[in-house]
Amino acid sequence: MMERARALVAQATGLQPDSVADTASSTSLDAWDSLAHMRLVLALEEQLGRTLTGEEIFALHSVAAVHELLG
Amino acid sequence: MTWTPGEAVQLETPRYRLRTLTEADATDRYLSWLHDAEVMRYVFSRVQDHTRDSVREYIRQHDGLTAFLLGIFDHADGIHVGNFSARGDPISGVAQLGVLIGDRRHWGRGVVLEARAALLDFLFGPAGLQRVEGVVYGNHAASLFNYQAQGWRMDGRLPEPAMCDGREVEILQFSMSRENWLARRRADA
């Protein structure tokens, strides 16, 4: 269920998808820094076909949050 | 750390030094940042065409009593990489923070989190403030990430959006209280 979310986080952080757990977050993954976050936002906006709001970008700090946003 | 209002501030982090800027720091390097559209993309700046004189004037506007302009310098080579500004109100105990990382080589390296932590220690400690606030364009993902990572609270948005990247973007407001910062520091220790 979380595969898409994990894949997007992995792509943004440059990690292998298998190393991104369902429970991963920006505090558990060192590679999830501000630049990775920008890449993640761009990837999500492309997937969703819309720009994210500031509140959504702020709340996007875990694989679970990415999954929820993807719907 | 002891500090007397009006004294120059110098703060140390593992990789950076933050210190009060003087007019001598109005260098071509600093000026080049202000003319770099990518660096200035998310900066709220009233002045559009900065000069050395306008930079000196901006430095002078920070009196070191309630308004601070601290340069961020890399320990490795002493190079000036960015600035923090903090404008406080001694009566309310609240300061507005701004940041500019002009040296793109230091983007994505955690400089804001590291340097701002030292700045908050100073503002909530020797400077005696109770709360600090910041505003950010709602499409500035890197800054939003840094606010979240450091435990800032999102307070809301300004009533009117602003133009950024050719479109209207909401401006979001953040704050950090002294109480929450000190609790966070105790938890980190």
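This is a short talk on a predicted model with a chain A and a chain B, taken chain by chain and then at one pocket.

I'll start with chain A. Its secondary structure is four helices and zero strands. Going along the sequence, the pattern reads α-α-α-α. The radius of gyration of chain A is 11 Å, and the globule rule gives 11 Å for 71 residues, so chain A is as compact as a globular protein of that length. If you want dimensions, the C-alpha trace spans about 30 × 25 × 15 Å along its principal axes.

Now the inside and the outside of chain A. Of its 71 residues, 46% count as buried. The chain exposes about 3800 Å², and carbon and sulfur atoms supply 53% of that area. As for contacts with a separation of 6 or more, 47% of those in chain A are between residues 24 or more positions apart.

Let me look at one helix. Which residues of α1 in chain A are buried? The helix covers residues 3–13, and the buried ones are Ala5(A), Arg6(A), Leu8(A), Val9(A), Ala10(A), Ala12(A) and Thr13(A). Note that an arginine, Arg6(A), is on that list. The cover over these buried residues includes α2 and α4 of chain A, the latter being residues 63–70. After α1(A) comes Gly14(A), which has a positive phi, near 80 degrees.

Staying with α4 of chain A, one residue in that helix is His67(A). Is His67(A) buried or exposed? Neither, quite: His67(A) has a relative accessible area of 24%, and the cut-off for buried is under 20%, so His67(A) counts as partly exposed. In sequence, His67(A) and Glu3(A) are 64 residues apart, yet their C-alpha atoms are separated by 8.6 Å.

On to chain B. Here we have five helices and 10 strands. The radius of gyration is 16 Å, close to the 16 Å from the globule rule for 189 residues, so chain B is as compact as a globular protein of that length. Its C-alpha atoms fill a box of roughly 40 × 40 × 35 Å along the principal axes.

Of the 189 residues in chain B, 46% count as buried. The exposed area is about 9400 Å², with 49% of it from carbon and sulfur atoms. Among contacts in chain B with a separation of 6 or more, 63% are between residues 24 or more positions apart.

For a single residue in chain B, take Ser85(B), which sits in strand β4, residues 80–89. Its relative accessible area is 11%, so Ser85(B) falls under the 20% cut-off and is buried. What does Ser85(B) touch, leaving out residues up to four places away in sequence? The partners are Tyr58(B), His62(B), Phe68(B), Leu69(B), Gln96(B), Leu97(B) and Gly98(B).

Last, the second largest pocket. It holds about 210 Å³ of space. There are 14 lining residues, and the closest to the centre are Leu42(A), Glu45(A), Arg41(B), Tyr42(B) and Asn139(B). Two elements give two or more residues each to the lining: α2 of chain A, residues 34–48, and α4 of chain B, residues 141–149. The largest share, four residues, comes from α2(A). Sorted by class, the lining has eight nonpolar, two polar and four charged residues.

That is the end of the talk.

Notes: Residues numbered from 1 in each chain as written. Chains lettered and ligands numbered in written order. Predicted model: local features only at pLDDT ≥ 70, side-chain atom pairs only at ≥ 80, totals over all residues. Heavy atoms only, no water. 1 Å grid on protein atoms, 1.4 Å probe; cavity = no way out; pocket = protein on both sides within 12 Å on 5 of 7 lines; lining within 4 Å. Points joined across faces, edges and corners; volume = space filled by probe spheres on them. Nonpolar A, V, L, I, M, F, W, Y, C, P; charged D, E, K, R; others polar. Rg over C-alpha atoms; globule rule 2.2 N^0.38 Å. Buried < 20%, exposed > 50% of the residue type's maximum accessible area, 1.4 Å probe, protein only. Contact = heavy atoms within 4.5 Å. Areas by Shrake-Rupley, 256 points an atom, 1.4 Å probe, with all protein chains shown as cover.
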